[in-house]
Amino acid sequence: MKFKKFLLIVLILSISINVGGCKGKDAFKKLFSKKDDNVEIIRSDEEKLDITEEDGLRNTVMYFKNSEGFLVPVMRKLPWEEGIAKIALKNMIDTPTLREDLNSTGLEPIIPAGTEIRGMTIDEDTGVCKVDFNNEFLNYESEKDESNLIKSVVYTLTEFPTIREVQILVEGEAVSTMKYGTQVEDSLRREDINLVKNLEGARSKVLVYFKGEDNEEYEYFVPVTVPTLAPMPNVFTALEELFQGPPENAGLSSNVYEVAELQGVEVKDGTAYVDLSFDSLKEENKKDVLEEVSKSVGLTLSQFDEIGKVELLIDGKTLEEAGMDFEYDESIPTFANEY
């Protein structure tokens with residue numbers, strides 16, 4: 001009888017261990033998670049983990065500004081550790097070291113010097129991230145700086161797949177209105193980054209990528225929000241805006257619209273076939289132009305989830321059929337800029 005009882009106990013223990021193993025490390029973490037709001041409990045790295053080949057580094061997108069005041073996304077490799085979202089924000093705070101590091105790019109930090117992150121939490125059900133800053137966070141000088149500051153925080157944090165919205169707190173308190181009028185009482189989503197035209201009369205908006213023109217040493221692409229009259233965002237309208245070129249005197253550039261014309265676009269089985277014609281394409285700059293075309297088109301179409309690849313056509317022909325000796329990555333670019 002005792003032997004049978006012993007076997008029964010062993011059997012129960014074995015079943016318990018197997019069930020626990022199926023739940024994995026998430027179940028183990030929940031057993032020991034703390035509820036203190038000031039404790040870092042962000043685990044934004046658990047989904048879609050992007051560790052590079054270099055041990056312990058993670059590809060992380062952060063937002064800085066250029067001399068024209070545009071927000072610029074830059075992928076940088078950060079040492080991976082628990083709470084990588086908080087580490088990303090810390091690496092955006094204005095310091096002499098960061099300014100020196102960014103010097104060759106012409107970009108600048110946005111989060112004011114002396115800012116500290118007092119705490120960060122995430123609601124795993126809603127995807128709302130609450131981030132608490134000290135008062136130094138409010139040390140900016142203009143309405144444009146205020147807008148860029150808020151958007152840089154929101155866009156950086158929502159690069160992580162577990163974060164969908166961001167609520168900003170200062171010294172532990174929710175802020176309803178920033179000093180230049182930005183409403184931050186509710187949680188914030190991505191919206192209107194680098195808006196370049198008036199929204200009045202617009203029926204939809206698309207995101208278009210042009211090049212920054214303030215630095216010859218570091219080439220980078222800038223996402224801009226363009227209001228349109230189209231009833232809803234669509235592939236053709238987005239590309240049409242790209243091939244019309246950037247607004248005059250906006251501090252943006254594009255070789256695309258100067259030499260190429262959009263003939264049409266068709267999306268089939270996840271691939272966008274973009275048909276172009278070229279007025280002039282000199283041999284000495286053909287490679288540079290085609291590289292910019294493929295990158296800017298790919299980035300612009302990245303806002304449409306149904307598109308995974310882009311194939312460029314010239315007058316209805318593939319590049320090979322058109323006699324173009326140019327190879328490019330047809331997949332949608334993962335990052336706009338890397339540094």
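Author: Welcome! Two strands pair if DSSP finds at least two bridges between them. Keep in mind that the model we are looking at is predicted.

Reader: Thanks! Which residue in E2 stands opposite Asn-59?

Author: Strand E1 covers residues 57–65, and strand E2 covers residues 71–79. The two pair in the antiparallel sense over nine bridges. Within E2, the residue opposite Asn-59 is Lys-77.

Reader: And which residue in the turn of that hairpin has a positive phi?

Author: Five residues lie between E1 and E2 in the hairpin. One of the turn residues has a phi of about 85°, and that residue is Gly-69.

Reader: Is strand E2 mostly covered or mostly open, and how many of its residues are buried?

Author: For a residue to count as buried, its relative accessible area must be under 20%. By that cut-off E2 is mostly covered, and of its nine residues the buried ones number seven.

Reader: Let's turn to the core. Which helix gives the largest share of the largest nonpolar core?

Author: In soluble globular proteins, nonpolar side chains tend to be buried together. Here the largest nonpolar core holds 85 residues, and Leu-89, Val-131, Leu-157, Val-274 and Leu-301 touch the most other members. The largest share of this core, six residues, comes from helix H4.

Reader: Why is helix H7 described as largely enclosed, and how many of its residues are buried?

Author: H7 runs over residues 286–301, and its end C-alpha atoms are 22 Å apart, which agrees with the span expected at 1.5 Å a residue. What covers its buried residues includes strands E7, E8, E11 and E12 and helices H5 and H6. H7 is largely enclosed by the rest of the structure because, of its 16 residues, the number buried is twelve.

Reader: Which strands stand at the edges of the open sheet of four strands?

Author: The order in this sheet is E10-E11-E12-E13, with mixed pairing. Two of these strands each have a single partner, so one side of each is left without a neighbour in the sheet. These edge strands are E10 and E13.

Reader: What angle does H7 make with E11?

Author: E10 and E11 run antiparallel and are joined by eight bridges, and Lys-268 has Thr-271 in E11 as its bridge partner. H7 packs on the sheet, touching E11 and E12. The direction of H7 makes an angle with that of E11 of about 140°.

Definitions and conventions: Residues are numbered from 1 along each chain as its sequence is written. This is a predicted model: local features need pLDDT of at least 70, side-chain atom pairs count only at pLDDT 80 or more; totals for chains, interfaces and linings use all residues. Side-chain values use heavy atoms; hydrogens and water are left out. Buried means under 20% relative accessible area, exposed over 50%, partly exposed in between (1.4 Å probe, protein chains only). A nonpolar core is a set of buried Ala, Val, Leu, Ile, Met, Phe, Trp, Tyr and Cys residues joined through side-chain atoms within 4.5 Å. The expected span of a helix is 1.5 Å times one less than its number of residues. Contact means heavy atoms within 4.5 Å. Axes are lines fitted to C-alpha atoms, for helices over the stretch in contact, and angles run from 0 to 180 degrees between N-to-C directions.
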